[in-house]
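Student: Could you zoom in on one small part of this model for me and then work outwards from there? I'd like the cut-offs spelled out as you go.

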Amino acid sequence: MKETRNIFKKIRLSLLPFFIAFRYIKGRGGKLLSVNTRLSFIGVFTGTSLLVVVISVFGGFQEQFKKSLFEFDPHLIIKNETGDRKIKNWRPLVEKTKSALKEKASSVEGMIQSPAIVRKQSIIDYVFIRAQQFKDLGDNRLGIPENFPEIVQPKKLESLPNEDVCVVGKEMAFLLDLKIGDTIELVVPRGQFTLKTGVPPNMRPYTIVGFFKTGYYDHDSRLVIIPLESAQRLFGISDAVQQIIVRLHDMNDLYFARSQISKIYRFLYSIRTIEDEHRNFFAALNIEKTVQVTIVFMFIIAAMVGIVVATYNVVRSKKRDIGILKSLGISRNAILMIFTLNGFLTGIFATIMGIMFGIFLSDNLEAILLFFESLINKIGLYYVTDIATGDAYWENIRLIPKNVYYFDHLPIHYDIDFLQAAGFVSILLSGIAAFIPAWSASRMRPIDIIRGSDT
Amino acid sequence: MSVILETKKLVKTYKSDEVQVEVLKGVDLIINKGDFLSIRGSSGVGKSTLLNILGALDKADSGEVCIEGKTLNSYFNEDGLHLYRREKVGFIFQNHYLMSDFTVLENVMMPLLLNSVDRKTAKNKALEVLDNVGLKERAKHYPSQISGGESQRAAVARAIVHEPPIVLADEPTGNLDTKNSENFVDIFARLQKERDLTVLVVTHDMNLADKADKRFKLYDGLLFTV
Ligand SMILES: Nc1ncnc2c1ncn2[C@@H]1O[C@H](COP(=O)(O)OP(=O)(O)OP(=O)(O)O)[C@@H](O)[C@H]1O
Ligand SMILES: [Mg+2]
């Protein structure tokens, strides 16, 4: 009986710091938040919400780039490292690979990839040919395979003639001024290298039937996709391919899949991953991740400095109270609690609100930018006009340029794990940030405070 | 008559810049239950110093303070001085020292809350004491909304609400005008009688000092009866 009474007493006493801290956060009567609380709240709130926006835009771009690469590029590339580098028995190998990977693979196919020279009248440039298997629709027509990049022109391309046709990147079309129906010549090395003749070239005209877009600039400006059979004619090889390529459903299986199929391709073959193929790209992504984390920490540290300063302010402005409470017999730990809670609770509240507001902002970022766009243009149209001519100094300013390639919409991606971690760190750090001034408050001697303002 | 507080040879010296000020030179004092003591003395003689030592806000260089048979040193070594301040004394300062973010009622409840009294009981007790000092109507006001005299009465309420063995007051009328001091002295003396409070008050105020049944003067670091 007495024991439980004591426990109740202890609980009541340990709740007292909360009561006092809440009052300091809330401020006296009527007001929503005390001035100091408002300051630290605004600091952390703005910090975290901007953080969310920056991170989701960053993440959005990364996702977009990754997606554009992963959707189209092969995830595993198997090459013959001997002889003439061709894979002649590719059809059984494809089947073997398929059965080794089972449902992990989304496609396994043969491919020919080679650098080439492109000529259109007097324009000459270098490109990469990627020859892949198209669907055989019969009737001498070919269907677009899965994993094919988005075709932006013509609007609907359901099938193409089984002839020497090609689909080129949108950027290349722009750079070389190509149109649908134009003919380009592709020049490739053909046959075996000999000392006498070197590598004899072969040349073949191709008709452009469409433009594709992967969103990956290197591809969109350099890649020419042609049907496999046509490529075999171009390179003068019978039914053989240069690579066997594998696409997976889940990129996390990449290295597992490689080890799975390495049993099939011993000794003579090499297996490369998409990460090997695009080292620069993935290194850049990693640098971006580092930059991203650095930015996050700078944001959080800035917000923390805000909390330290604000809590110091609270401690300073509540010095009298500290003296009073201490003369009334409050413990050091309770004082420590009160002022740590002050910053900590503000930190939690501001972090959560900030993340929510940040998500709201990023979700509506495009709308917000469009709103400003129209606002700026209206101002230009109606208010900032040349007196002499009546012309607007500006109109049609685009904050999200519609015609610039990568910006047809603003990609947003939330890395929930990352946001959670950032929020957690922010809350944790605001506790630590508040702890420092609170510690100094708990060490104050009441006699100094009482004497200090008594005389 | 039981002894509430006893001091033995309290000595306090302030050292600053090679100048030593010997403020208390061995103060002996015995306070019994229900005593009303007053201490006078010229400015700078060490009255506040003595009171602060008794209230465990300051520390004597040597000598002993004994409260209800337990030495202050044993608090210092075992439970923590804050427990002594919390349970054993009620302090009234020259400036009222109410906390501005809390209502008068909450200010008066604070010592009870610190003594783990539940909120409801604390509220009732605080209201009762506020009624005693004539501030019941002001309970919901904030310190900035009441006058200096009222604040000082609230400070009295806060000092006695948890019924500490001893109430220490350091020039409680020091900042009040004549009318307010008279009012304060009346209420204070009345409460002392009604509640049989044990009070030690340091004051220049003759009016207040004369209400005490034992009067002292602090002179040259020692206490003398007047
Ligand atoms: N921290 C300190 N350091 C040095 N000297 C101090 C300190 N605190 C007080 N003193 C000195 O001790 C002496 C006693 O001070 P105290 O405040 O106790 O006097 P008092 O009797 O209360 O005076 P008053 O009536 O003006 O309030 C004074 O001379 C004061 O200058
Ligand atoms: Mg004094």
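**A loop and what surrounds it**

Tutor: A56(B) sits in the loop that links α1 (47-54) to β4 (62-67) of chain B (helices are DSSP runs of H or I, at least four residues; strands are runs of E, at least two; both are numbered from the N terminus). Keep in mind that this is a predicted model: local features need pLDDT of at least 70 and side-chain atom pairs pLDDT 80 or more, while totals for chains, interfaces and linings use all residues. Residues are numbered from 1 along each chain as written, chains are lettered from A and ligands numbered from 1 in written order, and side-chain values use heavy atoms, without hydrogens or water.

So what's odd about this spot? Most residues other than glycine have a negative phi. A56(B) isn't a glycine, yet its phi is positive, about 65 degrees. A56(B) is also buried, at 2% relative accessibility (buried is under 20% relative accessible area, exposed over 50%, partly exposed in between; 1.4 Å probe, protein chains only).

Compare D17(B), another non-glycine with a positive phi, of about 50 degrees. D17(B) belongs to the loop between β1 (3-16) and β2 (19-32) of chain B. D17(B), though, is exposed, with a relative accessible area of 72%.

Back to A56(B) and its company. Y84(B) is in contact with A56(B), and also with L5(B), L54(B), G55(B), V65(B), I67(B), L72(B), Y75(B) and V89(B), leaving aside neighbours within four places in sequence (contact: heavy atoms within 4.5 Å). Y84(B) also takes you into the largest nonpolar core, which has 99 residues (a set of buried Ala, Val, Leu, Ile, Met, Phe, Trp, Tyr and Cys joined through side-chain atoms within 4.5 Å). Y84(B) is listed among the residues with the most contacts inside that core, along with M110(B), L130(B) and L200(B), plus I20(A), L325(A) and F339(A) from chain A. Helix α4 (residues 104-114) of chain B gives the largest share of this core, eight residues. Apart from it lies another core, of 51 residues, including I129(A), L176(A), Y265(A) and I274(A).

With names from both chains in that 99-residue core, the interface is the natural next stop. There, 29 residues of chain A are in contact with 32 residues of chain B. The two chains bury about 3,000 Å² between them, 57% of it on carbon and sulfur atoms (accessible area, 1.4 Å probe, lost on being put together, summed over both). R23(A), R28(A) and L328(A) supply 20% of the area chain A buries there, more than any other three residues.

R23(A) has a second role: E106(B) forms a salt bridge with R23(A), with the closest N and O atoms 2.7 Å apart (Lys or Arg side-chain nitrogen within 4 Å of an Asp or Glu carboxyl oxygen). The rule finds two salt bridges across this interface. On chain A's side, the elements giving two or more residues are α1 (2-26), α10 (319-327) and α14 (446-454). The largest share, eight residues, comes from α1(A).

One last stop in chain B: Q192(B), in helix α7 (residues 178-195), is buried at 4% relative accessible area. Beyond its neighbours within four places in sequence, Q192(B) is in contact with G34(B), D35(B), F36(B), L197(B) and V199(B).
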